[in-house]
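Hi,

Here is the structure I promised to pass on. Have a look at it first, and then read my notes below.

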Amino acid sequence: MEKETFEQLRYPIGKFNIPESITKEDLQEWIAILENLPQRLSDLVTPLTDQQLETPYRPDGWTVRQVVHHISDSHHNSYIRFKWALTEDTPTIKAYNEKAWAELFDTRTAPIQMSLDHLSAIHTKLVYLLKGLSEEDLQRSFVHPDGNQETTLKENIGRYAWHSNHHYAHIENLIQRKGW
């Protein structure tokens with residue numbers, strides 16, 4: 001497979017880039033993406049058969065089932081990171097091995113409805129929290145232990161809006177390529 005095609009399959013909407021200046025409009029757009037993801041994702045994947053759910057979105061990639069469970073796991077971790085940053089002074093967060101999590105029994109085999117329900121609940125809580133944050137709150141940050149990168153909550157909202165669209169596009173593009 002050509003490198004360009006592989007990268008396009010891997011990053012269908014491109015890599016996440018933090019804007020130089022994050023506006024109120026950016027935040028509103030990103031929060032809307034987070035608010036709408038659970039229903040959009042459910043609408044996209046619920047009609048799929050078990051065989052379709054077992055299809056990788058790209059060569060050597062996760063199956064659709066694994067992607068759905070990953071989004072739920074990842075966004076659960078993100079919610080906790082927001083809480084830590086709001087209640088501790090620039091905490092170093094706990095990283096997790098997402099590739100290893102994707103290989104766990106539940107991620108490989110569980111019905112996707114479990115993660116769709118979980119994602120709906122966690123996003124309801126997350127969006128409620130985000131809509132109540134002050135400008136001061138949005139400047140709070142955490143440190144990711146991989147590279148000791150400090151991230152503000154404002155940036156993290158954008159990162160998870162991107163993450164939502166990134167994995168949604170993986171599945172949507174597969175469905176289009178396969179003609180499902």
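Let's start with a warm-up: which residues lie nearest the centre of the second largest pocket? Before the answer, a word on what you are looking at. This is a predicted model, where local features need pLDDT of at least 70 and side-chain atom pairs count only at pLDDT 80 or more, while totals for chains, interfaces and linings use all residues. Residues are numbered from 1 along each chain as its sequence is written, and side-chain values use heavy atoms, with hydrogens and water left out.

**The pockets**

Back to the warm-up: Lys24, Leu27, Gln28, Ile31 and Leu138 lie nearest the centre of the second largest pocket, and its lining has 13 residues. A pocket here is worked out on a 1 Å grid over the protein atoms alone: it is an open set of points where a 1.4 Å probe fits, with protein on both sides within 12 Å along at least five of seven lines, and lining residues have an atom within 4 Å of a point. The volume of this second pocket is about 230 Å³; a volume is the space filled by probe spheres set on the points, which are joined across faces, edges and corners.

Helix 2, helix 7, helix 8 (135-139) and helix 9 each give two or more residues to that lining, and helix 2 gives the most, with four. (Helices are DSSP runs of H or I with at least four residues, strands are runs of E with at least two, and both are numbered from the N terminus.) By type, the lining splits into seven nonpolar, two polar and four charged residues. For this count, Ala, Val, Leu, Ile, Met, Phe, Trp, Tyr, Cys and Pro are nonpolar, Asp, Glu, Lys and Arg are charged, and the others, Gly among them, are polar.

The largest pocket holds about 960 Å³ of space. Its lining has 29 residues, with Tyr11, His70, Glu98, Trp162 and His163 nearest the centre. Two or more lining residues come from each of helix 4, helix 5 (98-102), strand 1 (141-144), strand 2 (149-152) and helix 9. Helix 9 gives the most, eight residues. Here the mix is nine nonpolar, 11 polar and nine charged.

**The core**

Now for the largest nonpolar core, which has 42 residues; Leu41, Val45, Val64, Leu130, Ile157 and Ile171 touch the most other members. Such a core is a set of buried Ala, Val, Leu, Ile, Met, Phe, Trp, Tyr and Cys residues joined through side-chain atoms within 4.5 Å. Buried means under 20% relative accessible area, exposed over 50%, and partly exposed in between (1.4 Å probe, protein chains only). The elements giving two or more residues to the core are helix 2 (24-45), helix 4 (64-87), helix 7 (112-131) and helix 9 (153-178). Helix 2 has the largest share, nine residues.

Zoom in on Leu41: leaving out residues up to four places away in sequence, it touches Ile71, Leu116, Leu119, Tyr168 and Ile171. (Contact means heavy atoms within 4.5 Å.) With the same kind of neighbours left out, His167 touches Trp62, Val67, His70 and Ile71. His167 lies in helix 9. Is His167 buried or exposed? Histidine 167 counts as buried because its relative accessible area is 6%.

**The hairpin**

Strand 1 and strand 2 pair in the antiparallel sense over four bridges; strands pair if DSSP finds at least two bridges between them. His144 stands opposite Gln149 in strand 2. Four residues sit between the strands of this hairpin, and Gly147 takes a positive phi near 90 degrees. Asn148, in the loop between strand 1 and strand 2, has a positive phi too, near 50 degrees, although it is not a glycine. Asn148 counts as exposed, because its relative accessibility is 58%.

**The loop between helix 4 and helix 5**

Thr90 is in this loop. Its phi is positive, about 40 degrees, and it is not a glycine either. Its relative accessible area is 38%, so Thr90 is partly exposed. Lys94 is found in the loop as well, and is exposed because its relative accessibility is 60%. Apart from neighbours within four places in sequence, Lys94 is in contact with Arg81 and Trp84.

Have fun turning it around on your screen!
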